[in-house]
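I opened a new page in my notebook today. Come along while I look a few things up, one at a time.

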Amino acid sequence: MTGALVAGLLAGYGIAIPVGAVATYLVALTARTSLKTGLAASLGVATADGVYALVAVLGGAAIAGVITPVAGPLRLLSAAILIVLAVRGAVQALRKTTTRPVTEIGAGRAYLSLLGITLVNPTTVVYFTALVVGDRAATAVPVLDQAVFVLAAFTASASWQALLAGGGALLGRVLTGPRGRLVTALVSSAVITALAVRLVAQTVAL
């Protein structure tokens, strides 16, 4: 069980720590809204990671075989969603500077948004499947160990995403003026767009 716990924690941090477009969006979202919204969004990402860890444990190589043929279109869909969110964030920031009313995203919507974004990214399930199949293909793994692995992966991802949300909340407090928030929103939108375009380029090159 200890081995499953350690493996799950390492797997969860391994997929969560690299900063990409989703992490950038999470930080920017929290900076524009509140820590509550950011934590809800971070749980959305962690839930998707936990679901894919469970899928990998239960399905193994069979799941990877199903995902691989559609991995390219899923990456493109993920990139498209991220670009839409980046543009939306920039537009909302500009609207605030003109004192027009802007509807703030709630905790529930933030959770579902980040859950959806992460679920359409096939990288996570391929990552977990490679780990599970590579490490445990030759041995039967007890159900309890499988559960510990999945929960540990979810916990690791959740803790890292929560840390990112906390950083976003601190950033939001520091940049309390309209100009500071505008610059943050525009920069984050540019970074998210660039990362999404890079994802498209990598997919096309495959």
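**Entry 1: one residue to begin with.** I picked V187 and found it in helix α9, which covers residues 178-205. I kept in mind that I am looking at a predicted model.

**Entry 2: its company.** Which residues form a nonpolar patch on the surface with V187? I looked them up: V183 and V191 join V187 there. Together the three have about 230 Å² of accessible area.

**Entry 3: stepping back.** How many helices and strands does the protein have? I noted nine helices and zero strands. Reading along the sequence, I wrote the pattern down as α-α-α-α-α-α-α-α-α.

**Entry 4: two helices that meet.** I reminded myself that a pair of packed helices is described by the distance and the angle between their axes. Next I looked at helix α1 (residues 2-16) and helix α8 (residues 143-174). Their axes come within 7 Å and cross at roughly 35 degrees. I put the crossing of α1 and α8 down as right-handed.

**Entry 5: who touches whom.** On the α1 side, the residues that meet α8 include A4, G8, G12 and Y13. On the α8 side, I listed F149, A152, A156 and W160 among the residues met by α1.

**Entry 6: the whole protein.** I found that buried residues make up 42% of the 206 residues. Of the contacts with a separation of 6 or more, 88% come from residues 24 or more positions apart. My last note is on the accessible surface, which comes to about 10100 Å². Carbon and sulfur atoms hold 74% of that surface.

Definitions and conventions:
Residues are numbered from 1 along each chain as its sequence is written. This is a predicted model: local features need pLDDT of at least 70, side-chain atom pairs count only at pLDDT 80 or more; totals for chains, interfaces and linings use all residues. Side-chain values use heavy atoms; hydrogens and water are left out. Helices (H or I, at least four residues) and strands (E, at least two) are DSSP runs, numbered from the N terminus. Buried means under 20% relative accessible area, exposed over 50%, partly exposed in between (1.4 Å probe, protein chains only). Contact means heavy atoms within 4.5 Å. Accessible areas come from the Shrake-Rupley method with a 1.4 Å probe; for residues, only the protein chains shown count as cover. Patches are made of residues with over 30% relative accessible area and no salt bridge: like charges are joined within 9 Å, nonpolar side chains (Val, Leu, Ile, Met, Phe, Trp, Tyr) within 5 Å. A salt bridge is a side-chain nitrogen of Lys or Arg within 4 Å of a carboxyl oxygen of Asp or Glu. Axes are lines fitted to C-alpha atoms, for helices over the stretch in contact, and angles run from 0 to 180 degrees between N-to-C directions. A crossing is left-handed if the near helix is turned anticlockwise from the far one by less than a right angle, and right-handed if clockwise.
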